[in-house]
Amino acid sequence: MSNTHAQGTVANIITQKLTEGFSPTHLEVINESNRHHVPPNSETHFKVVLVSDQFDGLRLLARHRLVNTHLAHELANGVHALSIHTFTQSEWDANAQVPNTPNCRG
């Protein structure tokens with residue numbers, strides 16, 4: 001499993017919960033707070049790239065609901081935005097690309 005971007009307390013909690021909940025073959029938790037108008041070192045905006053066999057047969061909305069359920073506490077307590085990119089292993093193997101996040105317009 002890959003996890004190249006996790007840093008900070010919230011990022012580590014997100015990483016731990018997603019690892020325990022999904023046994024991912026690939027996981028990236030990327031703190032994108034610096035792209036938004038928040039204080040330095042904030043942990044409020046994240047991108048998650050998650051590859052798991054648990055997504056086999058599930059539509060995108062169902063996958064996102066599962067991730068949101070696992071991170072409900074964080075989403076209710078400080079995580080303002082969560083960009084979720086979920087893949088099955090075969091989807092990831094076929095095209096391991098995640099769109100870039102645009103800069104904040106606010």
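Here a biologist and a modeller talk through a predicted model of a protein.

Biologist: Let's start with the overall plan. What makes up the protein, and in what order do the elements run?

Modeller: The protein has four helices and three strands. Starting at the N terminus, the elements run α-β-β-α-α-β-α. Of its 106 residues, 38% count as buried.

Biologist: How do the three strands fit together?

Modeller: They form an open sheet in the order β1-β2-β3. The edge strands are β1 and β3, as each pairs on one side only. From one strand to the next, the twist averages 10°.

Biologist: Why is the pairing in this sheet called mixed?

Modeller: Take the two pairings in turn. Strand β1 (residues 26–31) and β2 run antiparallel and are joined by six bridges. β2 and strand β3 (residues 81–87), on the other hand, pair in the parallel sense over seven bridges. Two strands count as paired if there are at least two bridges between them, and the pairing of the three strands is mixed.

Biologist: Which residues stand opposite each other along β1 and β2?

Modeller: Asn31 faces Phe46 in β2, and Ile30 is opposite Lys47 in β2. His26 has Val51 in β2 as its bridge partner. Val51 also has a partner in β3, namely Phe87.

Biologist: How do you know that β2 is largely enclosed by the rest of the structure?

Modeller: Count its residues. A residue is buried if its relative accessible area is under 20%. In strand β2 (residues 45–51), seven of the seven residues are buried, so β2 is largely enclosed by the rest of the structure. β1 is mostly covered too, with five of its six residues buried.

Biologist: Which residues of β2 point which way?

Modeller: His45, Lys47, Val49 and Val51 point one way, while Phe46, Val48 and Leu50 point the other way, and all are buried. There is a general pattern behind this: in a regular strand the side chains alternate between the two faces of the sheet.

Biologist: Now the helices. Why are α1 and α2 called oblique to each other?

Modeller: Set the angle against the cut-offs. The axes of helix α1 (residues 8–22) and helix α2 (residues 60–70) come within 10 Å and cross at roughly 125°. Roughly perpendicular covers 65 to 115 degrees, and roughly antiparallel begins over 145. The angle of α1 and α2 fits neither class, and the two helices are therefore oblique to each other. Their crossing is right-handed.

Biologist: Which residues meet where α1 and α2 touch?

Modeller: From α1 there are Lys17, Leu18, Gly21 and Phe22, and they meet Leu66, Val67 and His70 in α2. By class, this contact has four nonpolar, two polar and one charged residues.

Biologist: What makes Thr86 a buried residue?

Modeller: Thr86 has a relative accessible area of 5%. Buried means under 20%, so Thr86 is buried. Thr86 lies in strand β3. Leaving aside residues up to four places away in sequence, Thr86 touches Leu50, Phe55, Leu60, Arg63, His64, Val67 and Glu91.

Biologist: How far apart are Thr86 and Arg59, in sequence and in space?

Modeller: They are 27 residues apart in sequence and 10.0 Å apart in space, C-alpha to C-alpha. For the protein as a whole, take the contacts between residues at least 6 apart in sequence: 63% of them join residues at least 24 apart.

Biologist: Why does Ser23 count as exposed?

Modeller: Exposed means over 50% relative accessible area. Ser23 has 55% relative accessibility, so Ser23 counts as exposed. You will find Ser23 in the loop between α1 and β1.

Biologist: What is phi of Ser23 near?

Modeller: Phi of Ser23 is near 45°, a positive value in a residue other than glycine.

How values were computed: Residues are numbered from 1 along each chain as its sequence is written. This is a predicted model: local features need pLDDT of at least 70, side-chain atom pairs count only at pLDDT 80 or more; totals for chains, interfaces and linings use all residues. Side-chain values use heavy atoms; hydrogens and water are left out. Axes are lines fitted to C-alpha atoms, for helices over the stretch in contact, and angles run from 0 to 180 degrees between N-to-C directions. Angles under 35 degrees count as roughly parallel, over 145 as roughly antiparallel, 65 to 115 as roughly perpendicular and the rest as oblique. A crossing is left-handed if the near helix is turned anticlockwise from the far one by less than a right angle, and right-handed if clockwise. Contact means heavy atoms within 4.5 Å. Ala, Val, Leu, Ile, Met, Phe, Trp, Tyr, Cys and Pro count as nonpolar, Asp, Glu, Lys and Arg as charged, and the others, Gly among them, as polar. Buried means under 20% relative accessible area, exposed over 50%, partly exposed in between (1.4 Å probe, protein chains only).
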